[in-house]
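Visitor: Please take a close look at the pocket lining in this model, and then set it beside the cavities and the sheets.

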Amino acid sequence: MTKAFNEAEDGFQAVRFDGRDLYLIDQRRLPLTESWLQIKDIEAVIAAIANLVVRGAPAIGITAAYGAVIAARARGSDRAGWMNDLTRLAAARPTAVNLVWAVERMRQFALERGELDADALAEEAHRIHRADIEANRAMAQAGSALIQPGSGVLTHCNTGSLATGGIGTALGVIVAGARDGRIARIYADETRPWLQGSRLTAWELARAGLDFRVIVEGAAAALMAGGAVQWVITGADRIAANGDVANKIGTYSLAVLARHHGVRMMVVAPSSTLDPAMSNGDSIEIEQREAGEIWRAAGFNTQPSGFAAWNPVFDVTPADLVDCIVTEHGVFRPPYDFSAM
Ligand code: MRU
């Protein structure tokens with residue numbers, strides 16, 4: 001029996017469902033405004049995922065599971081219509097496999113029951129949510145146990161409560177490690193262009209009462225050269241069968257820098273982020289977002305008329321640059337083999 005969300009242990013609950021409607025804190029507006037969107041139909045669920053109201057691989061999966069419930073209530077006994085909703089839901093963003101994983105699990109659940117029962121589907125969505133909370137707790141313990149007392153860590157993007165069901169993946173390890181005295185210094189990349197680090201990770205670490213420093217991505221090499229960090233700790237959006245890791249753009253750069261400086265690289269992700277169907281990272285689809293995210297990053301539009309920008313929002317870190325992958329089933333090391341899971 002899994003335990004329900006507990007704020008002291010699990011951080012902040014960014015995705016809430018009352019059995020009918022979905023409530024999402026609008027991550028586009030953090031940390032300026034803590035406003036919530038009440039979501040009542042599948043189109044709004046798809047838009048919330050596509051427009052980054054909710055983001056982070058596990059949180060997207062949990063949102064999609066509740067979205068499947070909302071769609072089932074609206075469709076009644078129209079199974080074909082519901083399947084169509086699921087196909088569009090699964091395509092809201094391409095890189096995080098948790099989205100497809102959650103949609104497929106809801107579809108399979110309905111298939112096995114042989115009927116579209118929204119209340120039963122809501123129970124399944126709650127199970128997905130509770131399992132993520134539990135996975136976060138297990139990973140926080142397993143990951144923080146690997147860190148030598150007095151260490152410094154650098155993280156990238158946002159991987160905490162806003163991105164998951166519970167305390168987080170990489171950020172869960174960092175919060176646990178800081179609380180039990182293993183982590184002495186926390187650095188967070190600002191994470192251009194969407195600023196998940198300086199807007200969201202900073203908001204979460206401040207709420208947790210932990211001291212930290214935000215750096216620009218360009219400062220990572222100098223930080224490592226100075227000896228301030230012993231670990232780079234990130235989450236993942238999709239992990240291939242060979243251990244290649246798709247994660248927020250810039251993760252690959254950090255992994256290269258870490259190897260050069262003798263800093264270790266830990267990736268923290270629940271089993272719902274593993275994609276055994278991908279033998280390696282080459283065929284992982286990398287989401288491209290609109291160039292305006294880059295041109296407007298200074299707070300105003302810097303685009304010289306007629307010129308383009310390139311805005312891939314994820315990259316793939318080759319498995320041999322990753323020292324360990326922490327899941328709720330334990331710690332994996334190269335050569336990666338997840339087949340026993
Ligand atoms: O574009 P985003 O903000 O959804 O990207 C999120 C990340 O890349 C996270 O590092 C990843 O989802 C792991 S979150 C626990």
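Guide: The lining of the largest pocket divides into 4 nonpolar, 1 polar and 4 charged residues (Ala, Val, Leu, Ile, Met, Phe, Trp, Tyr, Cys and Pro count as nonpolar, Asp, Glu, Lys and Arg as charged, the others, Gly among them, as polar). The model is predicted, so local features need pLDDT of at least 70 and side-chain atom pairs pLDDT 80 or more, while totals for chains, interfaces and linings use all residues. Residues are numbered from 1 along each chain as its sequence is written, and side-chain values use heavy atoms, without hydrogens or water.

The pocket lining consists of R28, P193, W194, L195, R199, G292, E293, R296 and A297. The volume of this largest pocket is about 240 Å³. On a 1 Å grid over the protein atoms alone, a pocket is an open set of points with protein on both sides within 12 Å along at least five of seven lines, a cavity is a set where a 1.4 Å probe fits but cannot get out, and lining residues have an atom within 4 Å of a point. Points join across faces, edges and corners, and volume is the space filled by probe spheres set on them.

Searching the whole structure gives 2 cavities of 30 Å³ or more. The largest cavity has a volume of about 180 Å³ and a lining of 22 residues, with R55, G56, A57, N158 and D237 nearest its centre. Two or more lining residues come from each of α3 and β9 (245–248); α3 gives the largest share, 3 residues. This cavity lining holds 9 nonpolar, 9 polar and 4 charged residues.

Helix α3 (residues 57–75) also packs on a sheet, touching β1, β2 and β3 (heavy atoms within 4.5 Å), and its direction makes about 20 degrees with that of β1. Axes are lines fitted to C-alpha atoms, for helices over the stretch in contact, with angles from 0 to 180 degrees between N-to-C directions. Helices (H or I, at least four residues) and strands (E, at least two) are DSSP runs numbered from the N terminus. The sheet under α3 is open, with 3 antiparallel strands in the order β1-β2-β3. Because β1 (15–17) and β3 (36–39) each have a single partner strand, one side of each lacks a neighbour in the sheet. The twist from one strand to the next averages 20 degrees. Between β2 (residues 22–25) and β3 there are 4 bridges (two strands pair if DSSP finds at least two), and Y23 has Q38 as its bridge partner in β3.

The other open sheet has 7 strands with mixed pairing, ordered β6-β5-β4-β7-β10-β13-β14. Its edges are β6 (213–215) and β14 (330–332), each pairing on one side only. Neighbouring strands here are turned by 25 degrees on average, direction ignored. Strands β7 (residues 231–234) and β10 (residues 264–268) run parallel, joined by 4 bridges, and V232 is partnered with M265 of β10. Helix α6 (residues 118–144) packs on this sheet, touching β10, β13 (324–327) and β14, at about 145 degrees to β13. Helix α10 (residues 251–261) lies across β4 (151–155), β5 (183–189), β7 and β10, running at about 160 degrees to β7.

Towards the β14 edge, β10 and β13 pair in the parallel sense over 3 bridges, with V267 partnered by I325 in β13. Strands β13 and β14 pair in the antiparallel sense, also over 3 bridges; here I325 has F332 of β14 as its partner. A hairpin of 2 residues joins β13 to β14.
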